[in-house]
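Hi everyone, thanks for making time for this. I'd like to walk you through one structure, step by step, so please have a look at it with me.

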Amino acid sequence: MRIRKKVSGSAEMPRLSVFRSNRDIYAQIIDDKAGKTLVFASSKEKGFAGQGTKTEKAAVVGKVLAERAKAAGIEKIVFDRSGYLYHGRVKSLAEGAREGGLKF
């Protein structure tokens, strides 16, 4: 709640929310004003199995998310790390999204 009261997404700048479990990582771009998820990507999707370490998978998820966001017309986002430290898989996902063309 500490983070969510400060970070909010809109139609112009939606929020990139990250969730990581012990095995996988999930990311979604959300318009908080409308209450809708615009774009979603995770390491549980087909094609991610056996593709390297968890950090490498997170980078690929970030790139896939950026491609889907570009197709949906989203270029600028607000990054919500959901309380996780900006380190490891979360950092890798963010850098992958930046490489894909998203601006934070």
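I'll start with the sheet, then move to the helices, the core, the aromatic rings and a few backbone angles.

One thing to keep in mind is that this is a predicted model.

So, the sheet. Four strands make up an open sheet, and going across it you meet them in the order β3-β2-β1-β4, with mixed pairing. Which strands stand at the edges? They are β3 and β4, and each has a single partner strand, so one side of each has no neighbour in the sheet. If you ignore direction, neighbouring strands are turned against each other by 20° on average.

Let's zoom in on one pair of strands. Strand β2, residues 25-31, runs antiparallel to strand β3, residues 36-42, and six bridges join them. Together β2 and β3 make a hairpin, with four residues between them. Two opposite pairs are good places to find your bearings. Aspartate 31 faces lysine 36 in β3, and isoleucine 29 has valine 39 of β3 opposite.

Now for the helices. α1 packs on the sheet and touches β1, β2 and β3, with its direction at about 145° to that of β3. α2 packs on the sheet as well, touching β1, β2 and β4, and its direction makes about 145° with that of β1.

Let's stay with α2 for a moment. Its buried residues are Arg89, Val90, Ser92, Leu93, Ala94, Gly96 and Ala97. What covers the buried residues of α2? The cover includes β1, β2, β4 and α1, the helix at residues 54-71.

Leucine 93 shows this nicely. Leaving out neighbours within four places in sequence, leucine 93 contacts Leu16, Val18, Ile25, Ala27, Ala58, Ala59, Val61 and Gly62.

Alanine 94 is also in helix α2. With a relative accessible area of 0%, alanine 94 is buried. The C-alpha atom of alanine 94 is 6.3 Å from that of glycine 62, although the two residues are 32 apart along the chain.

That brings us to the core. In soluble globular proteins, nonpolar side chains tend to be buried together. Here, the largest nonpolar core has 23 residues, and those touching the most other members are Leu16, Ile29, Leu65, Leu93 and Leu102. At least two residues of this core come from each of β1, β2, β3, α1 and α2. Which element gives the largest share of this core? That is α1, with six residues.

Next, the aromatic rings. How many aromatic pairs does a search of the whole structure find? It finds three. Take phenylalanine 79 and phenylalanine 104: their ring centres are 5.2 Å apart and their planes meet at 35°, so this pair counts as tilted. Phenylalanine 79 belongs to strand β4, residues 78-80, while phenylalanine 104 is in the segment after α2, so the pair ties together parts 25 residues apart in sequence.

Are these two rings buried or exposed? Phenylalanine 79 has 18% relative accessibility, and buried means under 20%, so phenylalanine 79 counts as buried. Phenylalanine 104, at 33%, is partly exposed.

There is company around these rings. Phe79, Tyr86 and Phe104 form one aromatic cluster. Alanine 94, which we met in α2, touches Phe79, Tyr86 and Phe104, not counting residues up to four places away in sequence. Arginine 98 joins in too, with its charged end over the ring of phenylalanine 104, 4.2 Å from the ring centre.

Finally, some backbone angles. Most residues other than glycine have a negative phi. Serine 82 is not a glycine, yet its phi is positive, near 60°. You'll find serine 82 in the loop between β4 and α2, where serine 82 is partly exposed at 33% relative accessible area. There are glycines with a positive phi as well: glycine 35, in the hairpin turn, is at about 75°, and glycine 101, just after α2, is at about 115°.

One last link back to the sheet: serine 17. This residue sits in strand β1, residues 15-20, and is buried, with a relative accessible area of 12%. Beyond its sequence neighbours up to four places away, serine 17 touches Tyr26, Ala27, Gln28, Ile30, Asp80 and Ser82.

That's my tour, and thanks for listening!

Key: Residues numbered from 1 in each chain as written. Predicted model: local features only at pLDDT ≥ 70, side-chain atom pairs only at ≥ 80, totals over all residues. Heavy atoms only, no water. Phe/Tyr/Trp six-rings, centres within 6.5 Å; stacked < 30°, edge-to-face > 60°. Buried < 20%, exposed > 50% of the residue type's maximum accessible area, 1.4 Å probe, protein only. Lys NZ or Arg CZ within 6 Å of the ring centre and 35° of its normal. Pairing = 2+ DSSP bridges. Contact = heavy atoms within 4.5 Å. Core = buried A, V, L, I, M, F, W, Y, C linked by side-chain atoms within 4.5 Å. Axes fitted to C-alpha atoms, helices over the stretch in contact; angles between N-to-C directions.
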